[in-house]
Amino acid sequence: MVSSDTEAIHGHEFYDAGTGSFKVPLYLSSVFEHPDRRTGKARLSDRGFELKYSREENPTVRAFERVLAKLEHASDSLAFSSGMAAVATALFSALRSGDTILLSKECYGTTQELALDLRRYGVKTVLAGPDTDGLLAEIRPGVSLVVVETMSNPLLRVVDLKELARGCAEAGARLLVDNTFTTPLLCNPIADGAWGSVHSVTKYLAGHNDVVGGALALDEGGDVTELWDSRRRLGTIMGPFEAYLSLRGASTLRVRFEAQCRSAQSLAEYLADHPRVSSVHYPGLPDSEYHALAARLFTGGLYGGVVSFKVKGGRERALSALKRVKVIKPSPSLGGVESLLTYPLLSGSKNMSPSIREELGIGEDLLRLAVGLEDVEDLKADIAQALK
Ligand SMILES: Cc1ncc(COP(=O)(O)O)c(C=O)c1O
């Protein structure tokens, strides 16, 4: 067995004997010969699904899926047109009318909106947590699916996945973990006992702020038929060009993400000493209440590439910093080469219920910095001038 770093580059196992190319081509074809005129039968992909139409199965998409499955130590994976397409297809496939879904209160806002929408189809939605104990208290028999994020957004709370997986197993629930913020390099939810690990590939996996995509890695003993059928019916598959870029992104994930984590750590320490900053939320800081848990759960002494902080002077000062950054761009999202600063009340947390926002501490003074690959000293200088 080779390491994940080698799998990230070679895990698709592509080789074209005709040309000798080991780079996966971009198969833009929407259709494939069906049946194969040489054999009279349908061509099958490596996992046995018919290869005839790109809404169902596409060789470039398949190459990315194979690499992601290896990085996630999963039996298989499926790629989607966005992170939300992955979440929506997973919920559509896993839930039935009368089921109960439990979500962390600090799940990505749109995931919460989607789960709350399911009420109209007879699915009961419960919001709990956001910390491990609060979630465990609500994971009871009768709950069929639990959705959490490895590190919450925007306040970067960390949950104990092994404990949650144990609680889910006892209650007979499936655990679906959004691993976007930590990537398979810091965390492997399936190895910790989760049913599935979902990604906004838009973020670190593709990594350049030029792809919208999603993925779901699964531990189904290799049988992803039910989810594959849901994806086929909903039409939520990733496009081949996005898959091509995501495959390239995955091959450089280690070097990009490690650099982003190191810069984020350095920026968190810088912000913690900044006179215009009242608090910093980053699990890599030794005084973070999540530091010990993150140190135990995350590999490599790394704590992610996002830092949130509260600015003295509230909304006015926070929005002024957002206007004044130069190297850093004011924009939502994370995981790309450009550093992005966002005001959560106007982006990811905008549609959350105000009472939950208040309970979680997502206030008017909060900014979230997604660290890119620029020189960290240039980023510090940019923050210094923006906060002046
Ligand atoms: C943690 C998390 N999960 C899922 C999503 C949704 O992903 P996408 O924007 O690719 O649909 C996002 C988007 O920001 C996210 O931050």
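In this predicted model, the protein chain is assigned two domains, domain 1 (4–251) and domain 2 (254–387). Their C-alpha centres lie 26 Å apart. Contact between the domains involves 31 residues of domain 1 and 35 residues of domain 2. On the side of domain 1 that touches domain 2, the elements giving two or more residues are α1 (4–10), α4 (109–117) and α7 (183–186). By class, this side of domain 1 has 15 nonpolar, nine polar and seven charged residues.

One open sheet has seven strands, in the order β1-β7-β6-β5-β4-β2-β3. The pairing in this sheet is mixed. Its edge strands are β1 (76–80) and β3 (124–128), and each pairs on one side only. From one strand to the next, the twist averages 20°. Strands of a sheet pair through backbone hydrogen bonds, and the pairing can be parallel or antiparallel. Strands β5 (residues 174–178) and β6 (residues 196–200) show the parallel sense, with three bridges between them. Within this pair, aspartate 178 stands opposite valine 198 in β6. A helix also packs here. Helix α6 (residues 161–171) lies across β4 (143–149) and β5. Its direction makes an angle of about 155° with β5.

Asp178 also appears among the residues around the ligand. The others in this shell are Ser82, Gly83, Met84, Tyr108, Glu149, Asn153, Thr180, Ser200, Thr202, Val212 and Gly214. By class, the shell has three nonpolar, seven polar and two charged residues.

A further open sheet has five strands, ordered β8-β9-β12-β11-β10. Here too the pairing is mixed. Strands β8 (277–281) and β10 (329–330) stand at the edges. Each has a single partner strand, so one side of each is left without a neighbour in the sheet. The partner of β10 is considered next. β10 and β11 (residues 340–342) pair in the parallel sense, over two bridges. Proline 330 has leucine 341 in β11 as its bridge partner.

Strand β9 has antiparallel pairings. It pairs with β8 over four bridges in the antiparallel sense. In that pair, valine 280 has phenylalanine 309 in β9 as its bridge partner. β9 also pairs with β12 in the antiparallel sense, over five bridges. There, lysine 310 stands opposite leucine 366 in β12.

How many residues of β9 are buried? Six of the six are, so the strand is largely enclosed by the rest of the structure. In a regular strand, side chains alternate between the two faces of the sheet. In β9, Val306, Ser308 and Lys310 point one way. Val307, Phe309 and Val311 point the other way. All of these residues are buried, Lys310 and Ser308 included. Helix α12 (residues 314–324) lies across β9 (306–311), β10, β11 and β12 (366–370). This helix runs at about 30° to β12.

Some backbone features are less usual. Most residues other than glycine have a negative phi, and most peptide bonds are trans. Which bonds depart from this pattern? The peptide bond from histidine 34 to proline 35 is cis, with omega near 0°. Proline 35 is placed in the loop between α1 and α2 (59–71). The bond from glycine 129 to proline 130 is also cis, and its omega is near 15°. Proline 130 belongs to the loop between β3 and α5 (132–138).

Positive phi values occur at histidine 73 and at leucine 156, neither of which is a glycine. Histidine 73 has a phi of about 50° and sits in the loop between α2 and β1. Leucine 156 has a phi of about 55° and sits in the loop between β4 and α6. Are these residues buried, exposed or partly exposed? Histidine 73 has 17 C-beta neighbours inside 10 Å, so this residue counts as partly exposed. Leucine 156 has 26 other C-beta atoms within 10 Å. A residue is buried if that count is 20 or more, and leucine 156 is therefore buried.

Key
Residues numbered from 1 in each chain as written. Predicted model: local features only at pLDDT ≥ 70, side-chain atom pairs only at ≥ 80, totals over all residues. Pairing = 2+ DSSP bridges. Contact = placed C-beta atoms within 7 Å. Axes fitted to C-alpha atoms, helices over the stretch in contact; angles between N-to-C directions. Near = placed C-beta within 6 Å. Nonpolar A, V, L, I, M, F, W, Y, C, P; charged D, E, K, R; others polar. Buried ≥ 20, exposed ≤ 12 C-beta atoms within 10 Å, placed from the backbone. Domains from an automatic or database assignment.
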